[in-house]
Structure formats: structure tokens, C-alpha cells
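Me: I'd like a close look at one part of this model, told as one connected story. Start at a single spot in a loop and work your way from there to whatever sits in the binding regions.

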Amino acid sequence: MHQLVDPFQRRISYLRVSVTDRCDFRCFYCLPKGYKGFAQPETWLTPGEVERIVAAFARMGVSRIRLTGGEPLVRPDCLEIARRIGACDGIEDLSLSTNASQLARHAQGLYDAGVRRINVSLDSLRPERFREITHNGDLGRVLAGLQAAKAVGIDPIKINMVAMKGVNDDEIGDMVEFCLREGFTLRFIETMPVGDSGRSAGDGHYLSLRQVRADLERRFRLEPAVMGGGGPAQYVRVKGTALRIGFITPISQHFCETCNRVRLSAEGTLYLCLGQQDRVELREPLRAGVSDEDLEGLIRAAIARKPERHEFRERPDQVMRVMALTGG
Ligand code: SAM
Ligand code: SF4
């Protein structure tokens with residue numbers, strides 16, 4: 001098998017697939033209110049096209065896929081996409097990032113399609129504040145979605161909290177207690193300057209996770225831990241409990257040297273780095289009847305252009321696209 005290795009000797013084993021850039025929320029750090037730049041559905045890759053690209057990656061050693069968005073569950077055929085990917089030879093791990101607003105009715109279908117792990121965005125446990133952050137999100141539905149996922153046996157369930165100064169930093173302890181009670185894993189994320197909304201959120205509310213970790217160390221006894229998933233989070237465990245807490249620190253401590261992933265947009269653009277503009281278009285060649293061999297060649301050529309690292313600190317103005325386009 002021809003493995004995918006980039007110019008910096010990083011093996012690419014993980015593909016994140018954004019199935020739509022649309023979303024039923026408008027988290028202020030991700031999608032601006034009134035955003036009009038969404039891709040038209042006819043430009044979205046079809047489930048069959050997603051399957052072809054995933055199969056090509058799988059033949060070159062990619063074994064992990066995460067469905068993301070926008071909100072993947074607003075796309076009507078998201079489950080069909082999940083089923084096709086779940087049945088691809090070589091795909092050993094299929095996961096989903098979701099805001100959980102529609103998870104209650106899809107949890108069983110996702111499990112049946114092969115989704116065993118999910119990440120759920122949850123920045124506040126206070127209904128009013130949650131509504132403000134997400135611009136009208138209903139916390140009750142999200143919590144019901146989480147319970148449904150637990151009930152069908154999806155495990156682990158990881159809660160992603162973007163920790164923001166003056167927005168939700170007073171809820172960090174509450175979120176730890178919530179995840180302890182529910183048996184979820186908790187991950188904190190630093191705001192990233194992706195799109196204007198990410199930049200302005202970061203300007204006003206950036207919170208270094210070094211500080212969050214130091215605060216948690218004063219309140220809980222933490223010990224180093226490991227957690228499967230192939231991502232960049234650094235984990236600790238709250239001593240004497242099963243709770244693992246992850247820190248995703250793209251700004252205060254970047255982790256590009258171990259990057260193992262690339263991202264496919266709903267329109268079939270392969271983005272080689274979350275924090276850079278480098279990309280390769282795969283939809284046109286697919287629709288022009290590219291052979292499997294040539295598709296693999298296009299992907300290999302793309303990987304040969306993967307940048308060494310993001311420059312969120314040095315060039316925060318670089319990424320104009322919104323986070324919902326690449327799915328974080
Ligand atoms: N809608 C799904 C969700 O919210 O989980 C999947 C897509 S969302 C873009 C993926 C992750 O990106 C979420 O955890 C979200 O909090 C995070 N995110 C979005 N914009 C961000 C930003 N500017 N900085 C840091 N994380 C961001
Ligand atoms: Fe939607 Fe997720 Fe972006 Fe929030 S973070 S607006 S839920 S895509």
C-alpha cells in the first residue's frame with residue numbers, strides 16, 4: 001500500500017469530511033449572523049462522490065474519518081454518507097462532530113451506520129447564555145441529544161467547550177462536574193482566528209488554556225492520561241475518577257509537528273491545513289470521470305503540498321473562510 005506521507009515526514013491517517021457548511025446555530029466565534037456565503041446544495045459532493053474520495057484515501061492508509069460541518073445533521077442524507085463511509089474497506093474509525101441539536105432523532109441511525117464516537121460542542125450549561133452564544137440554540141435539545149447518544153451506546157462522548165474570557169470562563173468548574181456526572185470526556189479549545197468571527201472572538205475573549213489548566217490544578221488532583229482519537233488534545237485525568245480532560249491549544253502551544261490530517265469541504269475542496277490557504281479541488285476531476293488511479297495521484301500531489309504549520313499567531317488575518325466550511 002502507498003502510504004500518504006507529507007514533506008515533513010508526517011503520515012496522514014485521518015480525514016475530516018465536512019458534509020455541509022450550513023448550520024442551525026450561529027456560534028458567534030464561528031459563523032457570523034446573517035452570513036450569506038453558503039455553498040449551494042448542487043455543488044455539494046454526492047454521497048457516492050464522498051465515498052469515492054474516502055475509498056481512495058483508505059487505499060492509501062487513511063483509517064479514520066470524522067464527519068463534520070457546519071452541522072452535519074442538517075444535511076438530509078448525512079446518514080447515507082455515514083453508512084457508505086462506515087462500509088468502506090480500511091475505515092476503522094468513523095466519528096462525528098455535532099452541535100447535538102438533532103442528535104436525539106439520529107443517534108440510533110448513526111450508531112447503526114458505524115459511528116461509535118462523537119464530539120459535541122457545548123459552551124454553556126445555562127440556557128440563556130447558551131442561546132446567546134449560539135444565537136438561538138436550545139440547550140434542552142442538545143442535552144436530550146446527548147442522552148440519546150449515551151442510550152444507544154456511543155462511547156466516548158466528548159464535550160468540546162471553547163473557553164472564552166468573559167463569556168463562559170466562570171462555567172469551567174460546572175462543566176467538569178457535568179462531565180463527571182454524565183461520564184463524558186471534556187475538552188477545552190482555544191479560540192482560533194479563522195474567519196472574521198473567529199478573529200473578533202479571539203480579540204475580545206481569547207483565553208490561554210495554560211491558565212485554565214493551572215486553575216483546574218488548584219481545584220482538582222490531575223494526573224497525565226491518554227485518550228484514543230488521533231487528535232491533538234493533551235489529556236489529564238481527575239485523580240480517583242474516570243473523567244479525562246483534554247486541552248486543545250492551537251495558539252498557546254501549537255501541535256503541527258504531529259499533524260496527521262487533512263480536510264475535505266462539502267464542495268470537494270481538500271484543505272491541507274486549517275490555518276493556511278493551500279487547497280486542491282477534487283469535485284471537477286470527479287465529475288469529469290477521473291480514474292481511481294488518477295484520483296489517488298491527485299491526492300498524493302495534494303499531500304506533497306501540505307504546509308509545515310499554521311501561522312495563527314504570526315499571520316492571524318490569513319484565513320478568510322469561516323470555520324463551518326472546514327469543520328474545525
Ligand atoms: N457543528 C459541529 C460542532 O459545532 O461541533 C461541527 C463543526 S464546528 C465548526 C467544529 C468545532 O469547531 C466546534 O467544536 C466549534 O466549537 C469549533 N470552532 C468553531 N469556530 C472556532 C473558532 N473560531 N475557534 C476555535 N474553535 C472553533
Ligand atoms: Fe454551527 Fe458548529 Fe459553527 Fe456552532 S461551531 S455555528 S454549531 S458549525
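Reply: Asparagine 136 is exposed, because its relative accessible area of 54% is over the 50% cut-off. Bear in mind that this is a predicted model. Asparagine 136 sits in the loop between helix H4 (127-134) and H5, and its phi is near 95°, a positive value in a residue other than glycine. That deserves a second glance, because most residues other than glycine have a negative phi.

Alanine 100 is another one with this backbone quirk: its phi is near 70°, also positive in a non-glycine residue. So is alanine 100 buried or exposed? Its relative accessibility is 0%, so alanine 100 counts as buried, whereas asparagine 136 is exposed. You'll find alanine 100 in the loop between S3 and helix H3 (103-113).

What does the backbone of alanine 100 meet there? Its nitrogen lies 2.9 Å from a polar side-chain atom of threonine 98. Threonine 98 belongs to strand S3, and with 3% relative accessibility it counts as buried, because the cut-off is under 20%. The contact thus joins a side chain in strand S3 to the backbone of a residue in the loop between S3 and helix H3.

While we're on backbone oddities, follow H5 to the loop that leads on to S5. Proline 156 is in that loop, with helix H5 (139-152) before it. The peptide bond from aspartate 155 to proline 156 is cis, with omega near 5°. Again, that stands out because most peptide bonds are trans.

Now the strands, and what they give to the ligand. Strand S3 (93-98) and strand S5 (157-162) are the elements that give two or more residues to the shell around ligand 1. Next, look at strand S4 (residues 115-121), which holds valine 120. At 0% relative accessibility, valine 120 is buried. Its C-alpha is 5.0 Å from that of isoleucine 159, although 39 residues separate the two along the chain. Serine 18, in strand S1 (residues 14-18), is buried as well, at 2% relative accessibility. The C-alpha atoms of serine 18 and serine 95 are 12 Å apart, with their positions 77 residues apart along the chain.

On to ligand 1 itself. It has 19 residues around it, the closest being Tyr29, Gly70, Glu71, Ser121 and Met192. By class, the shell splits into six nonpolar, 11 polar and two charged residues. Which atoms come within polar-contact range? On the nitrogen side, a nitrogen of ligand 1 is 3.0 Å from a polar backbone atom of tyrosine 29, and a backbone N or O atom of glycine 70 is 3.0 Å from a nitrogen of ligand 1. An oxygen of ligand 1 has a polar side-chain atom of serine 121 at 2.7 Å. As for cover, ligand 1 on its own exposes 550 Å², and the protein buries 94% of that.

Gly70 is among the closest residues to ligand 1, and it turns up around ligand 2 too. The rest of the ligand 2 shell is Cys23, Phe25, Cys27, Cys30 and Asn99. Sorted by class, that shell has four nonpolar residues, two polar ones and no charged ones, whereas the shell of ligand 1 includes two charged residues.

One last stop: the second largest pocket, with about 160 Å³ of space. Of its 13 lining residues, Pro193, Gly202, Asp203, Phe312 and Pro316 are the closest to the centre. The lining as a whole has six nonpolar, three polar and four charged residues.

Phe312 also gives us a way from the pocket into the chain around it. Its backbone nitrogen lies 3.1 Å from a polar side-chain atom of histidine 310. Histidine 310 also has a polar side-chain atom 3.1 Å from the backbone oxygen of proline 250. With a relative accessible area of 7%, histidine 310 falls under the 20% cut-off and therefore counts as buried. Like asparagine 136, where we started, histidine 310 is a loop residue, placed between helix H10 (292-303) and helix H11 (323-326).

Technical notes. Residues numbered from 1 in each chain as written. Chains lettered and ligands numbered in written order. Predicted model: local features only at pLDDT ≥ 70, side-chain atom pairs only at ≥ 80, totals over all residues. Heavy atoms only, no water. 1 Å grid on protein atoms, 1.4 Å probe; cavity = no way out; pocket = protein on both sides within 12 Å on 5 of 7 lines; lining within 4 Å. Points joined across faces, edges and corners; volume = space filled by probe spheres on them. Nonpolar A, V, L, I, M, F, W, Y, C, P; charged D, E, K, R; others polar. Near = heavy atom within 4 Å. Polar contact = N/O pair within 3.5 Å; in protein donor to acceptor, adjacent residues only side chain to side chain. Areas by Shrake-Rupley, 256 points an atom, 1.4 Å probe, with all protein chains shown as cover. Helix = DSSP H or I, 4+ residues; strand = E, 2+ residues; numbered from the N terminus. Buried < 20%, exposed > 50% of the residue type's maximum accessible area, 1.4 Å probe, protein only.
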